[in-house]
Amino acid sequence: MHRRRHLLFLLLDILYLAVAVRIDATATPAEGELSVDYYKKSCPNLQNVVQQTVTDKQIKTSSTGAGVLRLIFHDCFATGCDASILISSNSFNKAERDADINLSLPGDAFDVVVRAKMALETECPGIVSCADILALAARDLIIMLGGPYFNVQLGRKDSLSSHASDVVGKIPMPTMSIEELITLFKNKGFTAQEMVALTGAHTVGFSHCKEFADRVFSNESDPSLNPRMKLGLRKACHDYKNRTTVAAFNDIMTPNKFDNLYYQNLPRGLGLLSSDVALLTHPQTRPFVLLYAANQTAFFRDFVLAMEKLSLVDVKKGNRGEVRRRCDEFNELNTSN
Ligand code: HEM
């Protein structure tokens, strides 16, 4: 009897230990693991600081939200979500942000991350990576624009290098065929459906005239371009080669609202970029365009899943990265950065 009770206590002890280890493992993530609570102890006010900073910025400059959304996409697709896009070039190195395709990223998108970083360096110095700030800022701005909420896993490290040459061929262009676009997204682990869901980001923001000039100034009849829209864009862009800053809304119907009008525009001839229009014509992508046009809930559900996946592409952990003191500079400068 005595021995059986002893055994029972021993078993309970083992069970308790197992539960305690498990609870401990979820409370403080091991080094290298990502978690939504990664900074719970080291920077408890993180989410409030980021939210406050992006709210102030977006209210003052309403183009920030779309800019940050494109910024994180370009960061993640080039060399992973590691804030390598935020590094400034110097005399030794042309950094990612100066790659041709990134030159149209708006300064305000970089600025909001820098501001959040400055606020966090007062709150909890040297703790929060710029890559994590970018991911949180993108999420908060999507919500401000009317889009869906999603959890952001945290614990990314910032890159130790940034080269413009690493961007070449990694970022989609409107001149690419759907086959080329599908392959480019597939190389990063995304399906054609996820590509269509992510490209719903074109529900906000602008494109400069040179990105769609071919369609607008072509004299051939184009059933995929509404004649009134064509005329309007011709007017707006008539001098685009000299006035290079002129741009048009990606979603002409609700340009500042994160909704599914981007998809609804496509069958009406109101799509802007030829890659947007192509999503509707190709059999591998068309069903998803029609689904999201008819059902905003389905779009939000799939966009959230795809965004969570995007923000985890090739994340740097442990000593593959660092927590930068400034988002535009490595902590230690060396000629190979
Ligand atoms: C099919 C692939 C895609 C192509 C070909 C493409 C191409 C482009 C181009 C050419 C622009 C205009 C840039 C300018 O003139 O300033 C643009 C804007 C934009 N793109 Fe994409 N993109 C694609 C997918 C995505 C994805 C997956 C996202 C985000 C998840 C995204 C987010 C944005 C946003 C938010 C803007 C507006 C930026 C602003 O207003 O500053 N795009 N895109």
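Student: In this predicted model, how do the residues of the shell around the ligand divide into nonpolar, polar and charged?
Tutor: The shell around the ligand holds residues of three kinds. Two are charged and nine are polar. The nonpolar residues number 13.

Student: Which element gives the largest share of that shell?
Tutor: Three elements each give two or more residues to the shell: helix H3 (64-79), helix H7 (192-199) and strand S1 (206-208). The largest share is five residues. Those five come from H3.

Student: Why does the ligand lie between two domains?
Tutor: Take domain 1 (46-171 + 313-320) and domain 2 (190-310). Both give residues to the shell around the ligand. The ligand therefore lies between domain 1 and domain 2.

Student: Which residue is the only protein donor of the iron atom of the ligand?
Tutor: Look in the loop between H7 and S1. A residue there has its NE2 atom at 2.1 Å from the iron. A side-chain N or O atom of that residue is also 2.9 Å from a nitrogen atom of the ligand. The donor is His202.

Student: How far is a backbone N or O atom of His208 from an oxygen atom of the ligand?
Tutor: His208 is among the residues that come nearest to the ligand, and so is Phe206. A polar backbone atom of Phe206 is 2.8 Å from an oxygen atom of the ligand. For the backbone atom of His208, the distance to a ligand oxygen is 2.7 Å.

Student: How much space lies in the second largest pocket?
Tutor: Residues lining this pocket include Ala99, Asp100, Val167 and Met176. The lining divides into eight nonpolar residues, one polar and one charged. The space in the pocket is about 170 Å³.

Technical notes:
Residues are numbered from 1 along each chain as its sequence is written. This is a predicted model: local features need pLDDT of at least 70, side-chain atom pairs count only at pLDDT 80 or more; totals for chains, interfaces and linings use all residues. Side-chain values use heavy atoms; hydrogens and water are left out. A residue is near a molecule or strand if one of its heavy atoms lies within 4 Å of it. A polar contact is a pair of N or O atoms within 3.5 Å; within protein, one must be able to donate a hydrogen and the other to accept it, and residues adjacent in sequence count only if both atoms are side-chain atoms. Helices (H or I, at least four residues) and strands (E, at least two) are DSSP runs, numbered from the N terminus. Ala, Val, Leu, Ile, Met, Phe, Trp, Tyr, Cys and Pro count as nonpolar, Asp, Glu, Lys and Arg as charged, and the others, Gly among them, as polar. Domain bounds come from an automatic or database domain assignment. Donors are N, O and S atoms within 2.8 Å of the metal (3.2 Å for Na, K and Ca); water is not among the atoms, so sites may look incomplete. On a 1 Å grid over the protein atoms alone, a cavity is a set of points where a 1.4 Å probe fits but cannot get out, and a pocket is an open set with protein on both sides within 12 Å along at least five of seven lines; lining residues have an atom within 4 Å of a point. Grid points are joined across faces, edges and corners, and a volume is the space filled by probe spheres set on the points.
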